[in-house]
Amino acid sequence: TFGFSGTNAHLVIDEFPLAAETGSGAAERNQPVLFLLSARSEERLAAYAAVMRDFIGAQPDLDLVAMAYTLQIGRHAMDHRLAICADSRQTLLNGLATFTAQRPSEQVLVGRVRKSRGGTVILDGLADREAVLSSWLDVSASGDVGAVSRAMKQLAELWVQGLDMEWPRLYGAVTADGGSIPRRLRLPGYP
């Protein structure tokens, strides 16, 4: 409300309504997606996983590809990390439930970034980001779902250890093939 000499004016601003945030994209075709969460502490990571589990549980038509993209591109990676390779909403919910219940699972990868005294990240195994990205791009272009799942798990294992990924490059192959980059969703923030 603005007022000057008895004159009032009102301005109402509203966001343009987007198309419904539905359709699980690649997950409908049993293509795996890489779900990532990170936090400053183990306790915050567990709380964040519980919030996301409740959010996903309340959204039966959530676009899993767009959600994974949003978490990869739109969130800052902190030291305590969780990665789940999921090919369906139910698989993702099961993984989050397993993690929040503190039960071990091959599907759920958890790690903490280890750093040297100089602040350099210490990784176990392959640490060449360019080799990982090139391998991922080659495998994803092949269309072999099993190979994509294995490559995604390797990528997840390195990410939970602290490998800094250039996530936008992973989506470059999608646009090169005439596809579109997933859109970013409104998701619950860091608790």
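**Fold, cores and helix packing in the predicted model**

Q102 is found in the loop between α3 and β5 (108-112). The model is a predicted one. Phi of Q102 is near 60°, a positive value in a residue that is not glycine. Most residues other than glycine have a negative phi. Q102 counts as exposed because its relative accessibility is 73%, and the cut-off for exposed is over 50%.

The protein chain holds 7 helices and 7 strands. Read from the N terminus, the order of elements is β-β-β-α-α-β-α-β-β-β-α-α-α-α. The protein chain has 191 residues, and 37% of them are buried. Contacts between residues at least 6 apart in sequence were also examined. Of these contacts, 78% join residues at least 24 apart.

Confidence varies along the protein chain. The average pLDDT is 79, and 71% of the residues score at least 70. Helix α1 has the highest confidence, at a mean of 96. Strand β7 (residues 121-122) has the lowest, at a mean of 55. Over residues 19-29, pLDDT stays under 50. For residues 19-29 the model has 28 contacts beyond four places in sequence.

The largest nonpolar core contains 27 residues. Within this core, F35, L37, I56, M67, L82 and L92 touch the most other members. Two strands are among the contributors to this core, β3 (33-39) and β4 (80-86). Helices α1 (42-57), α2 (64-73) and α3 (89-100) contribute as well. Each of these five elements supplies at least two residues of the core. A second core is separate and has 20 residues. Y69, L109, V139 and Y171 are included in this second core.

I56 was examined with its neighbours within four places in sequence left aside. I56 is then in contact with F35, L62 and M67. Its other contacts are R89, L92, L93 and L96. F35, M67 and L92 are also listed, with I56, among the core residues that touch the most other members.

Helices α1 and α3 pack against each other, with their axes 9 Å apart. The angle between them is about 150°. That makes α1 roughly antiparallel to α3, because the angle is over 145 degrees. The crossing of α1 and α3 is left-handed. On the α1 side, the contact is made by L45, A46, A49, A50, M52, R53, I56 and G57. On the α3 side, the contact is made by R89, L92, L93, L96, A97, F99 and T100. I56 thus appears both in this helix contact and among the core residues that touch the most other members. The same holds for L92, which is part of the α3 side and is listed with I56 in the core.

L93 has its place in helix α3. L93 counts as buried because its relative accessibility is 12%, and the cut-off for buried is under 20%. Beyond four places in sequence, L93 is in contact with R53, I56 and G57. R53, I56 and G57 are all on the α1 side of the helix contact. L93 and F55 are 38 residues apart in sequence, and their C-alpha atoms are 10.0 Å apart in space.

F55 is found in helix α1. Not counting residues up to four places away in sequence, F55 touches L62, R186, L187 and P188. F55 and L187 are 132 residues apart along the chain. Their C-alpha atoms are separated by 8.2 Å. L62 is also a contact of I56.

T91 is another residue of helix α3. T91 counts as partly exposed, with a relative accessibility of 22%. Leaving aside neighbours within four places in sequence, T91 is in contact with C85, A86 and Q107. T91 and Q107 are 16 residues apart along the chain, and their C-alpha atoms are separated by 9.0 Å.

G162 lies in the loop between α5 (145-161) and α6 (167-170). G162 is buried, with a relative accessible area of 8%. G162 and R112 are 50 residues apart along the chain. Their C-alpha atoms are separated by 7.3 Å.

Notes:
Residues numbered from 1 in each chain as written. Predicted model: local features only at pLDDT ≥ 70, side-chain atom pairs only at ≥ 80, totals over all residues. Heavy atoms only, no water. Core = buried A, V, L, I, M, F, W, Y, C linked by side-chain atoms within 4.5 Å. Buried < 20%, exposed > 50% of the residue type's maximum accessible area, 1.4 Å probe, protein only. Helix = DSSP H or I, 4+ residues; strand = E, 2+ residues; numbered from the N terminus. Contact = heavy atoms within 4.5 Å. pLDDT = per-residue confidence, 0-100. Axes fitted to C-alpha atoms, helices over the stretch in contact; angles between N-to-C directions. Parallel < 35°, antiparallel > 145°, perpendicular 65-115°, else oblique. Left-handed = near helix turned anticlockwise from the far one by under 90°.
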